[in-house]
Amino acid sequence: MRVFVTGATGFVGSAVVPELAAAGHEVVGLARSDEAEASLKSAGAEAYRGSLDDPEGLARAAAAADGVIHLAFIHDFTDIYAAGATDLRAIEAIGAALAGSGKPFLVTSGTGIARADGVVTEEDGPAPGSHRAASEEATLALAEYGVRACLVRLAPSVHGRGDHAFVPRLIEIARAKGVSAYVGDGANRWTGVHRSDAGRLYRLALESAPAGTRLHATDEEGVPFRDIAAVIGRHLDVPVVGVPAEQAEDHFGWLGRFAAVDCPSSSALTRRLLGWEPQGPGLLADLDEGHYFQA
């Protein structure tokens with residue numbers, strides 16, 4: 001299968017590309033720069049020059065492919081709704097190019113945007129007004145137009161060597177402030193998934209996930225945030241402390257609202273549907289390997 005992948009050189013995308021190639025798929029990755037193009041070629045993939053701001057270019061690349069995996073997202077937390085609007089335009093353009101083809105189209109979202117009374121499952125929709133709610137709805141609607149469209153919701157922490165997202169930022173803050181903190185009593189839960197397991201899930205979904213399904217790329221159902229802070233504190237040899245909710249933004253900056261969120265989620269339906277079983281280390285075990293704390 002010839003697969004067009006946006007975000008192919010990102011942290012998750014760089015796990016998806018070799019997973020696809022090992023299964024015999026041909027990968028064409030979206031490249032915004034010479035550096036990205038070189039990275040894709042060194043990974044054995046073709047490069048397609050473009051960006052999320054070029055819906056027409058995305059549509060052309062999608063039309064020439066046998067399937068599409070959309071991983072790219074503008075992670076600008078100062079204007080997350082503008083990033084969501086760009087994401088929606090890209091999904092609409094790709095979806096229109098694939099209409100009536102029956103081709104697979106995997107769109108990335110996050111378990112953190114779903115809301116439920118308790119543990120979030122694949123059956124739970126997005127919270128109204130969330131920055132990716134419109135993208136999720138537009139994706140699932142494509143199933144009515146002859147596209148095998150599916151959602152892959154990633155855990156808040158996709159972890160592993162090379163991670164440059166939430167966990168490394170928590171470590172930076174702990175180093176700078178001399179304490180490893182959690183919000184309130186730290187009982188709020190994060191889910192995680194190792195990047196290798198996420199890569200395998202995208203490949204399985206591309207090959208066989210039914211149209212209109214939501215999939216959860218989560219390993220552990222919920223890791224208490226205070227346990228994450230405790231591992232960071234132990235490796236940095238700094239105290240582990242709680243900060244009041246009203247001081248979360250002062251301590252964590254833009255990460256404050258994420259540090260306080262409680263977002264346990266299940267992947268039981270995904271595992272049964274695709275036979276996916278995570279094999280990589282859990283979040284705390286990955287932290288304890290020590291690579292997150294190396295210079």
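Where is the place of D197? D197 sits in helix 7, which covers residues 195-208. Keep in mind that this is a predicted model.

D197 is buried, since its relative accessible area is 1%, and buried here means under 20%. Its side chain reaches the backbone nitrogen of G280 at 2.8 Å. Setting aside neighbours within four places in sequence, D197 is in contact with W276, E277, P278, Q279 and G280.

Now for the sheet. It is an open one, with 7 strands in the order 3-2-1-4-5-6-10 and parallel pairing. Strand 3 (46-49) and strand 10 (214-217) are at the edges with a single partner strand each, so one side of each has no neighbour in the sheet. On average, and ignoring direction, neighbouring strands are turned by 25° against each other. Take strand 4 (residues 67-70) and strand 5 (residues 104-110): they pair in the parallel sense over 3 bridges. V68 stands opposite F105 in strand 5.

Helix 3 packs on this sheet, where it touches strand 1 (2-6), strand 2 (26-31), strand 3 and strand 4. The direction of helix 3 makes about 155° with that of strand 1.

Helix 3 (residues 55-63) also meets helix 4 (residues 80-98): their axes come within 8 Å and cross at roughly 35°. That crossing is right-handed. Here is who makes the contact:

| Helix | Contact residues |
|---|---|
| helix 3 | P55, L58, A59, A62 and A63 |
| helix 4 | R89, A90, A93, I94, A97 and L98 |

By type, the residues of this contact split into 10 nonpolar, no polar and 1 charged.

Conventions:
Residues are numbered from 1 along each chain as its sequence is written. This is a predicted model: local features need pLDDT of at least 70, side-chain atom pairs count only at pLDDT 80 or more; totals for chains, interfaces and linings use all residues. Side-chain values use heavy atoms; hydrogens and water are left out. Axes are lines fitted to C-alpha atoms, for helices over the stretch in contact, and angles run from 0 to 180 degrees between N-to-C directions. Helices (H or I, at least four residues) and strands (E, at least two) are DSSP runs, numbered from the N terminus. A crossing is left-handed if the near helix is turned anticlockwise from the far one by less than a right angle, and right-handed if clockwise. Contact means heavy atoms within 4.5 Å. Ala, Val, Leu, Ile, Met, Phe, Trp, Tyr, Cys and Pro count as nonpolar, Asp, Glu, Lys and Arg as charged, and the others, Gly among them, as polar. Buried means under 20% relative accessible area, exposed over 50%, partly exposed in between (1.4 Å probe, protein chains only). A polar contact is a pair of N or O atoms within 3.5 Å; within protein, one must be able to donate a hydrogen and the other to accept it, and residues adjacent in sequence count only if both atoms are side-chain atoms. Two strands pair if DSSP finds at least two bridges between them.
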